[in-house]
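Colleague: Got a minute for this chain? I'd like a quick tour before I head back to the bench.

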Amino acid sequence: MRRKRNILTFSLLGAAAFFYLMQVSFVSVFLAVGDNVPDLLLILTVFVSMRLGQIPGMLFGFTVGLWQDAMIDFYGLNALCKTIAAFATYFFAADRVMLIEKYYFPIMIFFLSVIHAVFFYAIQSLDGVVDFWNLMFHYGLWNSLYSAVTAFVIYLSIPLRTLDYVRFNTIYDF
């Protein structure tokens with residue numbers, strides 16, 4: 001079981017590095033609609049939190065959030081917001097709903113992305129230069145919708161066998 005845990009850990013870190021590079025080099029440049037871009041690292045954070053649990057998801061969200069903070073020069077904001085989104089994933093994920101995960105996952109991404117945007121833009125608007133509702137209407141809601149659509153496309157494009165590999169339970173590790 002330790003071998004599977006190690007493979008899973010390195011696979012998720014590799015996927016996070018790949019998603020980060022895609023976010024910086026491809027998605028922000030070629031797939032941006034106006035100023036709106038999907039948040040690939042938030043999608044991966046919610047997936048990890050949904051499949052592995054709240055604590056691993058929060059640790060993963062904090063780590064990838066720090067990576068993402070390197071882009072905006074506001075260290076800790078994305079880490080905090082992704083940790084909160086990973087924490088809130090637990091309240092959206094239920095065993096019965098997971099049977100229709102393919103359709104439920106983008107809806108979950110939309111609501112968790114809205115939660116992420118509320119905290120992100122609330123903290124950014126604390127200086128009073130830009131209004132919170134203005135930021136939410138122009139960026140938060142559209143980025144959330146774009147992230148949900150992107151999550152649906154990503155979920156459909158990855159084979160189910162690969163997705164099912166990410167169901168490791170740590171109680172069997174020792």
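Modeller: Here is a short run through the fold, one helix, one histidine and the surface.
Modeller: This is a predicted model, where local features need pLDDT of at least 70, side-chain atom pairs count only at pLDDT 80 or more, and totals for chains, interfaces and linings use all residues. Residues are numbered from 1 along each chain as its sequence is written, and side-chain values use heavy atoms, with hydrogens and water left out.

Colleague: How many helices and strands does the chain have?
Modeller: Seven helices and zero strands. Both are DSSP runs numbered from the N terminus: helices are H or I, at least four residues, and strands are E, at least two.

Colleague: What share of the chain is buried?
Modeller: Buried residues are 41% of the 174. Buried means under 20% relative accessible area, exposed means over 50%, and partly exposed is in between (1.4 Å probe, protein chains only).

Colleague: Switch to α2. How far does α2 reach?
Modeller: Helix α2 covers residues 40-52, 13 residues in total. From first C-alpha to last, α2 reaches 18 Å, close to the 18 Å expected. That expected span is 1.5 Å times one less than the number of residues.

Colleague: Is α2 mostly covered or open?
Modeller: Mostly covered: twelve of the 13 residues in α2 are buried. Among them are Leu 42, Phe 47, Met 50 and Arg 51.

Colleague: And what comes just after α2?
Modeller: Gly 53, with a positive phi of about 120°.

Colleague: Now His 116. Buried or exposed?
Modeller: His 116 counts as buried because its relative accessibility is 7%. His 116 lies in helix α5, residues 101-124.

Colleague: Which residues does His 116 touch?
Modeller: Asp 39, Leu 42, Asn 78, Cys 81 and Lys 82, leaving out residues up to four places away in sequence. Contact means heavy atoms within 4.5 Å. The side chains of His 116 and Lys 82 also share a polar contact of 3.1 Å. A polar contact is a pair of N or O atoms within 3.5 Å; within protein, one must be able to donate a hydrogen and the other to accept it, and residues adjacent in sequence count only if both atoms are side-chain atoms.

Colleague: What about Phe 91, buried or exposed?
Modeller: Exposed, because its relative accessible area is 57%. Phe 91 belongs to helix α4, residues 77-92. The C-alpha atoms of Phe 91 and Gln 54 are 9.6 Å apart, with their positions 37 residues apart along the chain.

Colleague: Last one: where is Val 149?
Modeller: In helix α6, residues 132-157. Val 149 is partly exposed, at 46% relative accessible area.
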